[in-house]
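Take a look at the structure below. Turn it slowly, and keep the sequence at hand.

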Amino acid sequence: MGIIKNLKLYRKTVLFLILFFFVLFLLSRGFIFGHKEMEYGVTFSHKQASNLGLPWREVYLAMLDDLGVKKLRLSAYWDELEQERGVWNWDYLDWQISEAEKRNVEIVLAVGGRLPRWPECHFPEWSKASSTSERQIDTLQYIRKTIERYRDRGAIRYWQIENEPFLPHFGECPDLDVKFLDEEIALVKTLDSREVMMTDSGELSLWVPAAKRADIFGTTMYLDTYSAKLKSYIHYPIEPGFFQFKKNISKLFASPKDWIVIELQAEPWGPVPFQQLEKKDRDRTMDLEKFKKITEFARQAGFKKLYLWGVEWWYWEKKINNDPKIWEEAKNLYHKK
């Protein structure tokens, strides 16, 4: 009887979710809230550039000088800053921030155990044998040292605390401890007066828990992905108005000062890392036409600030595959006056 009851509950839950998203889809159709003047940024990960076999400093400088990026999200990866317990190496992050400052680039600095790029959680190896309480104490220490080191750097506009913490079942991460997340946010606010950014999935989360904790809220925005659970490529059947509808619902419960797209899909997503895919398979989720489409989609969704995701891939296509089309298209965005 228990199995039958659970099965019925599961079916009702699935039906409710299908109906809920169908209603959202209907409500979102036909609504366009576009801005005329857009602000474009990127997320940069030196880990990702290195994984692609690229000299990451070269990619970084090309991004700043050739593309002309003026808004940038960087990550303070704990596993690189403190590879050995109590031994700190700030070289990679110091260099990135200094080069950005020389060019008057505005930085969002993400701190926390869960940060952009797979495996999502970037804990030092030595911390993985620790108990949860021990790791949390060490996490707060790492956050404190990072904020204290960089709070005098004028280029940093916002502190991002964790990355999509309310997105479960994605990444190699422990379960979310909301109480501890609030401790992280409270610590940062005692250390510096800059605004705190919280992020959440645009397609798979409800936004409210993250938005309630945010001075600045950042959503992801994806249209074409690969589902490991479904073992197939999927296209989200949503219109630009879907995101404004979610924003308006969230504003009933939360009041961030600004709502931005912090992660706009601009690289392929497949069953394996995209560098292992044939071009035809990369093109299934991102190519030049899809790049143009999703940037216009985001504009129509009513967001003025868009941080694109995939600058390392653009450079990889240009440098390794001798295909600069997307790099050049991105340059058009960043050079618009």
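The paragraphs that follow go from the barrel to its strands, then to a disulfide, a helix pair and one glutamate. Keep in mind that this is a predicted model.

Start with the barrel. Eight strands close into it. Follow them round in the order β1-β2-β3-β4-β5-β6-β9-β10. Their pairing is parallel. From one strand to the next, the twist averages 30°.

Now pick out one pair of neighbours. Strand β3 covers residues 106-111, and strand β4 covers residues 156-161. The two run parallel, joined by five bridges. One residue pair to find is Val108 and its bridge partner in β4, Tyr158.

Next, go to where the barrel closes. Helix α12, residues 311-319, lies across β1 (39-43) and β10 (305-309). The helix runs at about 80° to β1.

How many disulfides are there? The count comes to one. Cys121 and Cys173 form it, with their sulfur atoms 2.2 Å apart. That distance is within the 2.5 Å cut-off, so the pair counts as a disulfide. The angle about the S-S bond is 115°, and the link is right-handed. What does it tie together? Cys121 sits in the loop between β3 and α6 (132-150), and Cys173 in the loop between β4 and α7 (178-191), so the link joins parts that are 52 residues apart in sequence. Are the two cysteines buried or exposed? Cys121 has 10% relative accessibility, so it counts as buried. Cys173 is partly exposed, because its relative accessible area is 23%. The cut-off for buried is under 20%.

Move on to a pair of helices. Helix α11 spans residues 288-300, and helix α13 spans residues 325-334. They pack at an angle of about 25°, their axes 10 Å apart. Angles under 35 degrees count as roughly parallel, and α11 and α13 are therefore roughly parallel to each other. Their crossing is right-handed. Which residues meet here? From α11 come Leu288, Phe291, Lys292 and Thr295. From α13 come Lys325, Ile326, Glu329, Ala330 and Leu333.

Finish with Glu263. This residue is in strand β9, residues 258-265. Its relative accessible area is 6%, so Glu263 is buried. In sequence, Glu263 and Thr43 are 220 residues apart. In space, they are 7.4 Å apart, C-alpha to C-alpha. Leaving out residues up to four places away in sequence, Glu263 touches several others, including Arg73, Asn163, Glu164, Tyr222, Tyr307 and Trp309.

Technical notes. Residues are numbered from 1 along each chain as its sequence is written. This is a predicted model: local features need pLDDT of at least 70, side-chain atom pairs count only at pLDDT 80 or more; totals for chains, interfaces and linings use all residues. Side-chain values use heavy atoms; hydrogens and water are left out. Two strands pair if DSSP finds at least two bridges between them. Helices (H or I, at least four residues) and strands (E, at least two) are DSSP runs, numbered from the N terminus. Axes are lines fitted to C-alpha atoms, for helices over the stretch in contact, and angles run from 0 to 180 degrees between N-to-C directions. Contact means heavy atoms within 4.5 Å. Buried means under 20% relative accessible area, exposed over 50%, partly exposed in between (1.4 Å probe, protein chains only). Angles under 35 degrees count as roughly parallel, over 145 as roughly antiparallel, 65 to 115 as roughly perpendicular and the rest as oblique. A crossing is left-handed if the near helix is turned anticlockwise from the far one by less than a right angle, and right-handed if clockwise.
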